[in-house]
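Please open the model in your viewer and keep the sequence panel visible. This tour proposes a series of selections and describes what is found at each one.

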Amino acid sequence: MPSKGFLKSGEFARMCKTTKDTLIHYDRIGLLHPAKVSAAGYRLYSYDDYYRFVAIDVLVDSGMALHDVARALSAEGPADLIPSLRENAERLHGRVEDLKRKERVMADLLQQAESAAQADSGTVEFSIMPERSVVTLCEGEAMDDDAQVIATMEDELDRLIGEFPQVPEVILAPYGMTADDRRRQEDVPAYDSMFLVMPAACGGEGFEHIPAGRYAFLTFDGIEAEVGRAHRELAEFLLQNGIGWTGPFYEISSFWLLEGEGGRSYRCTVSAKVEAT
C-alpha cells in the first residue's frame, strides 16, 4: 500500500501515463525528483508532483528540449518564462516551415510517380498544354560531354534553389531535350539542347518557354539508348495521319528518380506541338 499522501513510482507512472524509466531519467537530470524515498527504498511521489509532471509533459510536447524545460520551470514568474517560450516558438516555426517544404517536395514527387505509373507506353495521346518555363542547360556539341552536363545541371539547380527558396520542388525539376526530327537518322535523335522544366510556382518571367498549345505525346519506358524509337514512332504516326507539327520534338523525363545506372531505366515523354486539324 502506498504511504499516506504518496504514490509509489509504478502507481505514479500509471497516473501520468508514462513509464518508471522516464521518471528515473527525469530524476537523474534534476527535472522531477520523488518527494521522498521510503526506508525500504521506494521512490514516492506526491500529488503535487503530478502537476509538475503535467507541466513538463506540456512543454516537452510543445517541442522543448528537456534542458529548456528545466530552465523554463526554474523561472520565478511569467516574465522570466517568456524568453524560453519565445525561443521555443521560433524554433517550432522553423520546423513547421521545414515540414511544409518537405510536404511540397513529397506532393510533387507523388504527382510525378502517379503520372509516370499511369502513362500508357507506346500509345500516342493528345493534350492541351499550358506554356511551360524552362532553363537551358547546354546546346549543340556541349551535350556530348556527360560530365560537363551533370556539372552544369548541379550548378543550375543550386542557383535555382537559392533563387526560389519558396519553391522547394525545384529540386525535382524534370530535365528534357529538344530534337530536330528532320535531322533524325532512323532511331538516332538529333538533339539541339538540354533544359530543366521549372515548376509553375516559379512563374514565367525571365525564363525561356515551351509554347502552349495542343501536343501529341508518346510515352517511352525502357533503355535510354533505345529512346530514339519513340521519336521515330511519333513522327511516323503524325505523318501517317496527316498531322503536321511545328517546332522541335520535346523529350522530357517522366520520373528521373528511378533512372538506373547507364540509362537502363528511362521514362520520358516525346511530344510535338501539332497543328490544328
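The stops below lead from a single residue to a pocket and then to the strands beside it in the list of lining elements. Please bear in mind that the model is predicted.

**First stop: Met129.** Select Met129, which belongs to strand E4, residues 124-129. Which residues beyond its neighbours within four places in sequence are in contact with Met129? They are Ala212, Gly213, Tyr215 and Phe217. Add Gly213 to the selection: Met129 and Gly213 lie 84 residues apart in sequence, yet their C-alpha atoms are 5.4 Å apart in space.

**Second stop: the largest pocket.** Display the largest pocket, which holds about 960 Å³ of space. It is lined by 36 residues, and those closest to its centre are Gln111, Ser115, Met129, Arg132 and Thr269. Two or more lining residues come from each of helix H5 (78-118), E4, and strands E5 (132-139), E9 (213-222), E10 (245-253) and E11 (266-274). Colour H5 next, since its seven residues form the largest share of the lining. Colouring the lining by class shows 15 nonpolar, 13 polar and eight charged residues.

**Third stop: strand E11.** Select E11, in which seven of nine residues are buried. Which way do E9 and E11 run, parallel or antiparallel? They are antiparallel and are joined by eight bridges; Ala216 is positioned opposite Ala272 of E11. Now show E10, which pairs with E11 through six bridges, also in the antiparallel sense. Here Ser253 faces Cys268 of E11 as its opposite residue.

Key
Residues numbered from 1 in each chain as written. Predicted model: local features only at pLDDT ≥ 70, side-chain atom pairs only at ≥ 80, totals over all residues. Heavy atoms only, no water. Helix = DSSP H or I, 4+ residues; strand = E, 2+ residues; numbered from the N terminus. Contact = heavy atoms within 4.5 Å. 1 Å grid on protein atoms, 1.4 Å probe; cavity = no way out; pocket = protein on both sides within 12 Å on 5 of 7 lines; lining within 4 Å. Points joined across faces, edges and corners; volume = space filled by probe spheres on them. Nonpolar A, V, L, I, M, F, W, Y, C, P; charged D, E, K, R; others polar. Buried < 20%, exposed > 50% of the residue type's maximum accessible area, 1.4 Å probe, protein only. Pairing = 2+ DSSP bridges.
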